[in-house]
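Here is a friendly walk through one protein chain, written for reading with the model open beside you. We will start with a term, then move from the whole chain to its helices and rings.

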Amino acid sequence: MALQGVENLARLPELKKKILWTFFLLAVYRIGIHVPVPGVDTAALADFFENTKNTLFGLFDMFSGGGLNKLSIFTLGIMPYISSSIVLQLLTVVSPELARLQKDEGAQGRKKITEYTRYGTVLITVVQGLGIAVGLESMSSPTGAPIVIEPGWMFRIMTVITLTAGTVFLMWLGEQITDKGIGNGISLIIFAGIVAGLPRAIINTFQLMGAGEMSPLLVLLLVVGMGAVMVCIVFIERGQRRIPIQYAKRMVGRKMYGGQTTHLPLRINTAGVIPPIFASSILLFPATIANFYQAEWVHTVSELFNPGSVLYNILFVAMIIFFCYFYTAIIFDPKQITDNIRKQGGFVPGIRPGQKTKEYLDKVLARLTLWGSLYISVVCVLPMLLISQFNVPFYFGGTSILIVVGVAMDFMSQIESYMISRQYEGLLAKGRIKGRQ
C-alpha cells in the first residue's frame with residue numbers, strides 16, 4: 001500500500017514538481033549554511049562554541065541549522081522573522097489599528113501586516129547582527145586565539161550587512177517554498193536545520209558504541225524511547241475536543257436553511273512550540289551572560305540554571321505552563337468565536353448563546369491548555385533528565401522533536417490534501433487512482 005502511494009505521487013506531475021522545487025530550495029539553504037562571514041577565524045569559533053552548548057548560543061545554533069557555529073551568512077536563520085511575527089501578534093492585542101487590519105481588512109489587511117513583519121525582521125536582524133559583531137570582537141577560543149581577525153567598524157558593518165542579507169534571503173526562500181512548493185516554507189527551513197544534525201548524531205553514537213563508552217542495549221533503549229515519544233506527540237497533536245454546534249432552521253425566501261449540526265475543534269496543544277522556545281530563551285540567559293564574565297558568583301548562579309538541574313527543570317515547567325496559557329489567549333479569542341457562531345444562527349446545545357457560551361468555551365479551553373502544557377513539559381524535560389542520568393551525548397531536545405514531528409505531520413497532510421483535491425487516493429492507501437470527473 002505504501003509503495004502504491006509513492007507510485008501515485010510520481011503520476012502527479014504538478015505535485016512532483018512542487019516537491020522537487022521544495023527540496024531544491026531547502027538544498028540552497030543548506031549550501032548557504034557553509035558560507036562563512038568574512039573576517040572570522042572559524043577554527044577558534046568552533047572551539048568557543050564547543051563550550052556553549054547549554055546556553056542561548058546552543059539554542060540559536062539549533063534553530064539556525066548549525067549556522068551560528070560556523071558564523072555563516074545564515075547565522076541568524078529565520079528566527080528574526082518568527083520573532084517579528086510574534087511581536088506583531090502581541091501588538092494586535094493592544095493596538096486597535098493592527099486589530100482592525102487583521103480582522104476587518106481581509107486579504108489587504110493581512111498583506112499590510114506581512115509588510116510590517118518584514119520591516120520588523122530587518123530591524124531585529126540589524127540589531128542582532130550588530131550585537132553579534134561587537135560580541136565576537138571580545139571573544140576568544142579556550143586556547144586564547146581571537147575569533148575576529150581584524151576588529152573594528154569595517155568588520156561590524158560588513159557583518160551586519162551580510163547577516164541581514166542572509167536573513168532576508170531566507171525569508172524570501174520560505175515564501176517561495178510556501179507559494180510554489182508544498183508546506184509552510186518557514187517551518188520547513190527550521191525543520192531542515194534541525195534534521196541536518198541527525199546524521200552527525202548517529203555517527204557519534206556508533207563511534208561511542210564502538211569505543212565501548214555506550215552499550216548497545218542503551219542505544220536500543222534510546223531509539224525505542226524516541227520512537228515512543230514521537231508516537232505520543234503524533235497522537236496528542238492530532239487530539240481534539242469537538243464542541244457540537246447546532247444551527248437553527250430559518251426561511252430565506254421560499255427555501256429552508258440551517259438545521260445541520262457541526263462541531264468546533266479545539267486542539268489539546270493550541271500554543272504549539274512557542275512556549276518551550278520562550279521558556280528556553282529566558283532560562284538560558286544566565287548561562288549566556290556567564291560566558292562574558294569571569295566573576296565566580298556569576299558562574300555559580302549560571303550553574304543553577306544549567307539544563308538538567310532541579311531549579312532549571314522546575315522553572316522550565318512553570319514557564320511552559322504560563323506561556324501556554326498566555327499564547328493561547330492571544331491566538332484564540334472565545335468572544336470572537338462566540339459572536340461568529342451567534343451571527344450564523346448557531347448555538348452549543350444546552351448552553352445559552354452569548355456570554356454563557358463564551359464562559360463555556362473559556363472553561364473547556366483552560367482545561368485543554370492545562371493538559372497540553374503538561375504534555376509539552378514532559379516532552380521537553382524528559383530528554384534532559386535522561387541525559388543528566390545516563391550522560392549520553394546523542395541528544396535531541398524535546399523542542400526539536402516537537403518541531404520535527406509537527407512539521408512532518410503538516411507536510412504529509414498538505415500532500416494528502418493536494419491528492420484528495422484531485423481525486424487521488426495514494427497516501428490514503430485505498431486502492432487504485434480514480435479518474436478526474
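A residue counts as buried when its relative accessible area is under 20%, as exposed when that value is over 50%, and as partly exposed in between. With a relative accessible area of 30%, G406 is therefore partly exposed. Please keep in mind as you read that this is a predicted model.

## The chain as a whole

The chain has 437 residues, and buried residues make up 42% of them. Its secondary structure comes to 19 helices and five strands. How far apart in sequence are the residues that touch? Among contacts between residues at least 6 apart in sequence, 70% join residues at least 24 apart.

## Three helix pairs

Let us turn to how some of the helices pack. The table sets out three pairs.

| Helix pair | Angle between axes | Distance between axes |
|---|---|---|
| α2 and α10 | about 55 degrees | 10 Å |
| α9 and α10 | roughly 115 degrees | within 7 Å |
| α6 and α7 | about 105 degrees | 6 Å |

Begin with α2, which spans residues 13-32, and α10, which spans residues 185-195. Their angle of about 55 degrees makes α2 oblique to α10. The crossing of these two helices is right-handed. Which residues bring them together? On the α2 side they are T22, L26, Y29 and R30, and these meet L188, I189, A192 and G193 of α10. By type, the residues of this contact divide into five nonpolar, two polar and one charged.

Helix α10 also packs against α9, with the axes coming within 7 Å and crossing at roughly 115 degrees. The two helices are therefore roughly perpendicular to each other. From α9, the contact is made by L170, L173, G174, I177 and T178, while α10 brings G185, I186, L188 and I189. These residues divide into six nonpolar, three polar and no charged. If you have L188 and I189 on screen, you can follow them into both contacts: they meet α2, and they also take part in the contact with α9.

The third pair joins α6 to α7, which covers residues 96-103. At about 105 degrees, α6 is roughly perpendicular to α7. Here L88, L91, T92 and V94 of α6 meet P96, L98, A99 and Q102 of α7. The contact residues comprise six nonpolar, two polar and no charged.

## A buried serine in α6

While you are looking at α6, which runs over residues 79-94, find S84 within the helix. Is S84 buried or exposed? Its relative accessible area is 3%, so S84 is buried. Leaving aside neighbours within four places in sequence, S84 is in contact with Y116, T117, G120, T121 and I124.

## Aromatic rings

How many aromatic pairs does the structure hold? There are six. One of them joins F322 and F323 in an edge-to-face arrangement, 5.2 Å from centre to centre and with 65 degrees between the planes. What about the accessibility of these two residues? F322 is exposed because its relative accessible area is 51%, whereas F323, at 10%, counts as buried.

Elsewhere, ring pairs link Y29, F74, F169 and W172 into a cluster. You have already met Y29 in the contact of α2 with α10.

## Residues that come together across the sequence

Some C-alpha distances bring together residues from separate parts of the sequence. I147 is found in the loop between α8 (106-137) and α9 (153-180). At 0% relative accessibility, I147 counts as buried. Its C-alpha atom is separated by 8.8 Å from that of G39, and the two residues are 108 apart along the chain.

M319 belongs to helix α16, which covers residues 310-331. From M319 to S377 the C-alpha distance is 9.4 Å, with their positions 58 residues apart in sequence. Apart from neighbours within four places in sequence, M319 is in contact with A279, I282 and L283.

Finally, return to G406, the partly exposed residue we started with. G406 has its place in helix α19, residues 398-421. Which distance separates the C-alpha atoms of G406 and V234? They are 7.7 Å apart, while the two residues are 172 apart along the chain.

Methods. Residues numbered from 1 in each chain as written. Predicted model: local features only at pLDDT ≥ 70, side-chain atom pairs only at ≥ 80, totals over all residues. Heavy atoms only, no water. Axes fitted to C-alpha atoms, helices over the stretch in contact; angles between N-to-C directions. Helix = DSSP H or I, 4+ residues; strand = E, 2+ residues; numbered from the N terminus. Parallel < 35°, antiparallel > 145°, perpendicular 65-115°, else oblique. Left-handed = near helix turned anticlockwise from the far one by under 90°. Contact = heavy atoms within 4.5 Å. Nonpolar A, V, L, I, M, F, W, Y, C, P; charged D, E, K, R; others polar. Phe/Tyr/Trp six-rings, centres within 6.5 Å; stacked < 30°, edge-to-face > 60°. Buried < 20%, exposed > 50% of the residue type's maximum accessible area, 1.4 Å probe, protein only.
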